[in-house]
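Work through the two exercises below with the sequence and the structure in view, and try each task yourself before you read its solution.

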Amino acid sequence: MTRKRIFITGASGCIGHYIVDALIQATTHELFLFVRNPDRLKFDYNARPGINLLQGDLRDIEQFGDLLQTMDCAILIATSWGGVEESQEINVTKTQTLVNLLDPDRCQQIIYFSTASILDRQNNLLKEASELGTEYIRSKYFGHRALMETSFADRVTILYPTLVFGGNDQFPRSHLTGGLGEVAKWMKLVRFFQADASFHFIHAQDIAQIVQHLVDHPPQPGESRQLVLGNERLTLNQLISQLCDYFHQRIYFRIPLYLWLMNFFVVVFRIQVGDWERFSINYRHFTHQRVVNPSNFGLTPYYPKLADVLRICGVPAGTT
């Protein structure tokens with residue numbers, strides 16, 4: 001494979017760690033890691049030549065304009081999770097600025113991380129994401145639209161991760177993985193309920209596999225450049241059953257948790273629920289058409305099953 005110069009933002013996050021580590025270990029590409037705090041990097045960036053650390057803030061991305069002109073590929077993972085002004089500035093304005101600093105005659109591909117939360121079940125943009133979403137979700141919605149207005153629109157590969165697991169004693173944990181301990185504590189109660197909902201999930205190491213493949217094998221003309229990342233659809237009832245198997249909990253009976261009853265609990269117990277959370281309760285099925293995982297690219301997924309994810313994330317079985 002031709003050696004490429006790749007500019008990467010967000011290397012210090014959960015997904016970023018897995019992607020950069022994979023590119024370091026399995027490729028010879030020259031990597032330019034743009035980070036605010038190099039001390040947060042837990043992979044070995046001295047493992048081989050060609051790994052360059054660039055310390056800076058995305059708000060000041062213009063100072064790297066000359067360097068960006070020399071890039072063959074950009075992987076944009078960095079994001080802001082909260083605050084209206086910061087989310088808008090980082091996730092929309094400065095991301096678009098970075099893209100416009102790339103050389104359209106040289107840069108072959110931009111791999112951009114969005115979120116499946118901005119898509120409906122047919123993989124179209126979800127209007128409610130722009131109206132009711134959190135600051136993060138709204139900014140990702142408008143960031144997506146802004147990116148499609150740049151001169152690179154036909155070279156942008158947009159990845160929409162579904163629920164992301166990842167992290168261990170070495171790499172930082174995803175938000176979802178960080179809450180697994182709490183799930184275990186509630187299993188003795190949760191096992192007695194059932195509800196109509198479904199979703200997809202994927203592990204960050206499997207995301208890294210896909211990104212590594214896309215770097216060397218960009219989508220060809222006619223192939224989709226908008227990829228929802230996830231394993232097969234999992235219903236909430238299947239999730240509870242699999243968790244009970246993992247934690248060795250028997251299910252004696254199940255009480256249907258109807259939508260009206262869930263909303264009743266919210267009102268009666270004065271549970272603080274924002275607009276997006278209320279929409280999510282009613283929407284229930286965050287599933288999508290044409291989800292992809294490493295198997296779609298002829299690769300073997302590391303963690304296709306929930307039990308695999310729980311084990312690798314360090315959740316002891318049979319402990320509740």
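**Exercise 1: a strand and its partners**

Task: Find out which strands pair with S1 in this predicted model, beginning with the five bridges that join S1 to strand S2.

Solution: Start with S2, which covers residues 30-35 and runs parallel to S1, the two being joined by five bridges. To place this pairing on the residues, look at Arg5, which stands opposite Glu30 in S2. Next, follow the chain between these two strands, where helix H1 (residues 14-26) completes a right-handed β-α-β unit with S1 and S2.

Then turn to strand S4 (residues 73-76), which is also parallel to S1 and is joined to S1 by four bridges. Here Phe7 is the residue to look for, since Phe7 stands opposite Ala74 in S4. Finally, consider the surroundings of S1 (residues 5-9): four of its five residues are buried, and therefore S1 is largely enclosed by the rest of the structure.

**Exercise 2: two packed helices**

Task: Describe how helix H7 (residues 180-190) packs with helix H9 (residues 236-247), and state which residues of H7 and H9 meet.

Solution: Two packed helices are described by the angle between their axes and by the distance between those axes. For H7 and H9 the angle is about 110 degrees, and the axes lie 10 Å apart. Because angles of 65 to 115 degrees count as roughly perpendicular, H7 is roughly perpendicular to H9.

Now list the residues on each side: H7 contributes Val183, Ala184, Met187 and Val190, which meet Ile240, Leu243, Cys244 and Phe247 of H9. Sorted by class, the contact of H7 with H9 has eight nonpolar residues, with no polar and no charged ones.

Definitions and conventions: Residues are numbered from 1 along each chain as its sequence is written. This is a predicted model: local features need pLDDT of at least 70, side-chain atom pairs count only at pLDDT 80 or more; totals for chains, interfaces and linings use all residues. Side-chain values use heavy atoms; hydrogens and water are left out. Axes are lines fitted to C-alpha atoms, for helices over the stretch in contact, and angles run from 0 to 180 degrees between N-to-C directions. Angles under 35 degrees count as roughly parallel, over 145 as roughly antiparallel, 65 to 115 as roughly perpendicular and the rest as oblique. Contact means heavy atoms within 4.5 Å. Ala, Val, Leu, Ile, Met, Phe, Trp, Tyr, Cys and Pro count as nonpolar, Asp, Glu, Lys and Arg as charged, and the others, Gly among them, as polar. Buried means under 20% relative accessible area, exposed over 50%, partly exposed in between (1.4 Å probe, protein chains only). Two strands pair if DSSP finds at least two bridges between them. A crossover is right-handed if, with the strands pointing away from the viewer, the path from the first strand over the helix to the second runs clockwise.
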